[in-house]
Amino acid sequence: MKIIRPKKLQKNDTIGIISPASSPDDLSKIEDSVKYLEKLGYNVEIGKNVGKANGYLAGNDKERIDDLHSMFQKKEDRKSVV
């Protein structure tokens, strides 16, 4: 089996943050993470449904899959998707 490794992230690349499973208990951790990644020189995009809740999940099925699809559809700054 051939291992595929994505290219190393470079400054000004974009990192997308989504919640495809459960929502974080403390959204300030997301905010702190965004600040840290931006301090390292990356752009950060948060999915529009991060922070939503539907029972123990981060929004309903459509909202969670929409965030996932949205991030994969973005082409700017994307190096590789494995």
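Biologist: Let me start with one residue I have picked out. What is the relative accessible area of D66?

Modeller: For D66 the relative accessible area is 27%. The cut-offs you need are under 20% for buried and over 50% for exposed, with partly exposed in between. D66 therefore counts as partly exposed. Keep in mind that we are reading a predicted model here.

Biologist: Where is D66 found?

Modeller: Look in helix α2 for D66. You can also place D66 against K48: the two are 18 residues apart in sequence, and their C-alpha atoms are 9.0 Å apart in space.

Biologist: Okay, let me zoom out. How many helices and strands are there in the chain?

Modeller: You'll find two helices and two strands. Going along the sequence, they come in the pattern β-α-β-α. The C-alpha trace spans about 35 × 35 × 25 Å along its principal axes.

Biologist: And how do I read the contacts of the whole chain? What share of those with a separation of 6 or more joins residues 24 or more positions apart?

Modeller: That share is 70%. Burial gives you another view: of the 82 residues in the chain, 24% are buried. As for the outside, the accessible surface comes to about 6500 Å², and carbon and sulfur atoms hold 52% of that.

Biologist: Now the inside. Which residues make up the largest nonpolar core?

Modeller: Seven of them: I15, I17, I30, V34, L37, Y42 and V44. Two elements, β1 (14-17) and α1 (27-39), each give two or more residues to this core. The largest share, three residues, comes from α1.

Biologist: Take one core member, then. With what is V34 in contact, leaving aside its neighbours within four places in sequence?

Modeller: V34 is in contact with I17, V44 and I46 once those neighbours are set aside. I17 and V44 are on the core list too.

Biologist: I17 reminds me of a glycine I was looking at. Where does G47 lie, and with what is G47 in contact beyond its neighbours within four places in sequence?

Modeller: G47 sits in the loop that runs between β2 (43-46) and α2 (61-73). Its contacts beyond those neighbours are I17, I18, D67 and M71. Now apply the under-20% cut-off again: G47 has 8% relative accessibility, so G47 counts as buried. For a distance within the chain, try L57, ten residues along from G47: the two C-alpha atoms are separated by 15 Å.

Biologist: How do people look for empty space inside a model?

Modeller: The idea is to roll a probe the size of a water molecule over the atoms, which shows where empty space is left. Searching the whole structure here turns up one cavity of 30 Å³ or more. The volume of the largest cavity is about 40 Å³.

Biologist: Which residues line the largest cavity?

Modeller: The lining consists of I18, S19, P20, N49, V50, A58, E63, R64 and D67. By class, that is four nonpolar, two polar and three charged residues. Notice that I18 and D67 are also among the contacts of G47.

Biologist: S19 is in that lining. Which residues does P24 touch, not counting those up to four places away in sequence?

Modeller: P24 touches S19 and I30. You'll find P24 in the loop between β1 and α1, and P24 counts as partly exposed at 26% relative accessibility. K52 is 28 residues away from P24 in sequence, yet the C-alpha to C-alpha distance is 9.2 Å.

Biologist: What about backbone angles? What should I expect of phi?

Modeller: Most residues other than glycine have a negative phi. In this chain, have a look at N12: its phi is positive, about 75°, although N12 is not a glycine. N12 belongs to the segment before β1. With 52% relative accessibility, N12 counts as exposed.

Biologist: One last asparagine. Where is N43 placed, and is N43 buried or exposed, or partly exposed?

Modeller: N43 has its place in strand β2. Its relative accessible area is 34%, so N43 is partly exposed. Between N43 and D67, 24 residues apart along the chain, the C-alpha separation is 17 Å.

Methods. Residues are numbered from 1 along each chain as its sequence is written. This is a predicted model: local features need pLDDT of at least 70, side-chain atom pairs count only at pLDDT 80 or more; totals for chains, interfaces and linings use all residues. Side-chain values use heavy atoms; hydrogens and water are left out. A nonpolar core is a set of buried Ala, Val, Leu, Ile, Met, Phe, Trp, Tyr and Cys residues joined through side-chain atoms within 4.5 Å. Buried means under 20% relative accessible area, exposed over 50%, partly exposed in between (1.4 Å probe, protein chains only). Helices (H or I, at least four residues) and strands (E, at least two) are DSSP runs, numbered from the N terminus. Contact means heavy atoms within 4.5 Å. On a 1 Å grid over the protein atoms alone, a cavity is a set of points where a 1.4 Å probe fits but cannot get out, and a pocket is an open set with protein on both sides within 12 Å along at least five of seven lines; lining residues have an atom within 4 Å of a point. Grid points are joined across faces, edges and corners, and a volume is the space filled by probe spheres set on the points. Ala, Val, Leu, Ile, Met, Phe, Trp, Tyr, Cys and Pro count as nonpolar, Asp, Glu, Lys and Arg as charged, and the others, Gly among them, as polar. Accessible areas come from the Shrake-Rupley method with a 1.4 Å probe; for residues, only the protein chains shown count as cover.
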